[in-house]
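Biologist: Could you take me through one part of this protein up close? I'd like to hear about a single sheet and whatever packs on it.

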Amino acid sequence: MSYQVIARKYRPQRFADVVGQEHVTRTLANAIRQSRIAHAYLFVGPRGTGKTTLARIFAKCLNCTDGPNVDFADDDPRCREITEGRSLDVMEIDGASNRGIEEIRELRETARYAPAASRFKIYIIDEVHMLTKEAFNALLKTLEEPPAHVKFMFATTEPEKVLPTILSRCQRFDLRRIPSTLIVKHLAHIAGLEKVRIDETALQAIARGADGGMRDAESTLDQLISFCGENIVEADVLSMFGLTAQGQILDLARHLIAGDTDATLRSLNDLSRGGKDLARLLSDLLGHFRNVLIFHVSGGDASLLEVSESELASLKEDASRLDADALTRIMEVLTEGESRLRDAASRRIWVEVTLLKAIQARNTVSIDTVLQRLQQLRSDSEDTSPSIHTPAIRPSTASAHRQTSQSEIPATPRAHSAGTPAPPPEVTPIREESTPAHTPGGSLESLWSGILEAIGRVSAFTRSYLIEAHPVSFEKKTLTIGFDPEFADHLGLVDNPKTRTLVQTKLHELGHDGVTVRFIEAEAPIGRPRPVAPEPVAPEHSPASFNRAESASAAPAPARRETPAPVKFSKEDFKNDALIQKALEIFKGQIVDVRA
């Protein structure tokens with residue numbers, strides 16, 4: 001007898017032999033026992049997972065001598081005919097080479113005749129998605145109302161290409177990728193039958209390369225037996241298929257997590273010189289970090305992972321060194337690197353750049369975290385002094401992965417003299433006493449002051465930019481806000497949906513509904529006062545409150561307070577301020593400009 005490859009020699013012959021598809025085999029077996037056999041079935045799944053095999057076994061169950069029966073005899077002549085492809089009543093059709101309307105018309109003609117010797121005439125169409133639209137339409141009527149003796153079984157790897165009208169007339173079964181642990185167990189069983197010694201690590205390498213396909217794994221084992229003989233080790237698998245050892249993947253991931261650039265590049269250099277497939281290397285590295293993330297967020301639930309005991313120990317160690325955000329950022333970098341590797345001029349250089357980006361990504365901070373830290377710093381500074389100046393701090397190149405080219409940190413200068421901080425000058429807001437800021441009939445300036453005050457209670461960070469703006473016009477439900485050319489760079493920071501929505505919300509609270517907000521560059525009116533932060537309110541029983549009460553009883557309050565004299569300001573003192581230095585240290589930035 002001629003030699004048969006392992007994939008054909010050990011092909012499952014009954015439902016109990018199928019590996020990893022219990023949800024399908026159980027359903028089909030129950031349907032046979034309960035006599036609930038449909039007229040059309042569709043098997044969907046990746047290559048090598050058992051679609052055609054299941055169709056053949058189902059056909060044997062239906063057409064066996066005492067069938068339909070799940071437990072048919074091994075020597076049943078009708079089952080043997082189906083196994084050997086000799087049955088006149090079970091026809092296997094390749095959808096790729098018989099995809100036209102003429103072939104389907106011929107199928108419709110033959111389907112009308114009774115089976116030659118079996119109970120059912122069964123049509124198995126492999127790669128059914130290859131049929132043309134016209135062929136599908138020609139099959140519709142027969143598929144919907146076939147003769148009682150006809151059963152259809154379709155197999156496809158691309159169900160999205162099958163017409164919905166065909167899908168709706170079939171019972172669909174989705175086959176899963178076979179877990180690596182089951183592939184390893186099945187290959188070890190075959191190796192025992194073939195009297196071949198193979199290491200556990202070699203079996204794991206084969207399963208990893210098969211990517212859930214049993215046929216691919218069996219073909220690889222067949223090739224290794226021809227190459228190595230009766231003794232197979234992991235190095236043989238790795239050298240033949242350009243795979244990377246699991247231990248090398250774990251070492252590379254450990255260097256990356258530690259931020260050891262030198263060790264990471266040296267490991268990559270060794271793997272590249274050894275002829276490893278760099279695309280497969282990135283895929284395996286990404287898979288490891290995915291396992292680390294799952295282990296981290298699940299609290300160490302190993303049932304969610306398909307890993308060995310040695311790999312599980314490494315996952316536990318790596319998960320304790322990084323949080324979920326850092327793992328997610330690393331995976332994003334590796335995913336981008338894998339997707340763009342195909343178009344890279346130099347694959348090795350691209351992988352090196354990708355690994356360096358991943359090292360940087362593990363310590364980067366998201367823009368939301370940056371804004372929260374900035375807001376906290378500003379809140380801390382407002383407890384001791386009013387906000388008057390806004391420096392622009394540009395992050396260094398090491399912070400490039402924060403998805404922002406420039407972080408602006410509002411801070412507050414402090415006046416110093418001879419080592420002793422001077423008390424902050426009293427700053428009082430300019431406010432119309434006669435007309436509240438929220439009154440619709442008030443002036444445009446009073447409305448703008450009310451908007452700034454309302455926004456400041458929600459986001460002092462946004463107010464720090466809008467305080468440099470001025471109202472231009474309020475006509476036809478449109479509020480136009482202008483920035484003087486000196487502050488034109490603020491336009492890019494506030495002209496966004498978030499800020500516009502915030503201003504519209506505060507306008508609604510002040511009695512103006514359905515207002516559109518737009519920002520423009522426009523010179524401020526000459527002599528226009530600049531709004532300042534409101535004076536902090538003293539506690540009810542503090543000495544300041546009693547002093548204000550005495551002043552109120554002694555003399556009537558003026559209708560309008562005068563603008564305080566400008567505060568003397570030194571750029572050098574401001575740059576050396578402790579709060580500013582702390583911000584620079586935290587965000588690794590530098591002051592590029594200071595405006596009074």
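Modeller: Here's a walk through one open sheet and its helices, after a quick look at the whole chain.

Keep in mind that this is a predicted model. The protein runs to 596 residues, with 42% of them counting as buried, and it has 25 helices and 14 strands. Take the contacts between residues at least 6 apart in sequence: 74% of those join residues at least 24 apart. As for the outside, the accessible surface comes to about 31800 Å², and carbon and sulfur atoms account for 50% of it.

Now to the sheet. It's an open one built from three strands in the order β11-β12-β13, and the pairing is mixed. β11 (469–475) and β13 (516–521) each have a single partner strand, so they sit at the edges with one side lacking a neighbour in the sheet. Going from one strand to the next, the twist averages 25 degrees.

Zoom in on β12, which covers residues 478–483: β12 pairs with β13 in the parallel sense, over six bridges. If you want a spot to click on there, try Thr480, which stands opposite Arg518 in β13.

Two helices pack on this sheet. Helix α19 (residues 444–458) touches β11 and β12, and the direction of α19 makes about 120 degrees with that of β11. Helix α22 (residues 497–509) touches β12 and β13, with its direction at about 125 degrees to that of β13. That puts β12 in touch with α19 and with α22.

Definitions and conventions
Residues numbered from 1 in each chain as written. Predicted model: local features only at pLDDT ≥ 70, side-chain atom pairs only at ≥ 80, totals over all residues. Heavy atoms only, no water. Helix = DSSP H or I, 4+ residues; strand = E, 2+ residues; numbered from the N terminus. Buried < 20%, exposed > 50% of the residue type's maximum accessible area, 1.4 Å probe, protein only. Contact = heavy atoms within 4.5 Å. Areas by Shrake-Rupley, 256 points an atom, 1.4 Å probe, with all protein chains shown as cover. Pairing = 2+ DSSP bridges. Axes fitted to C-alpha atoms, helices over the stretch in contact; angles between N-to-C directions.
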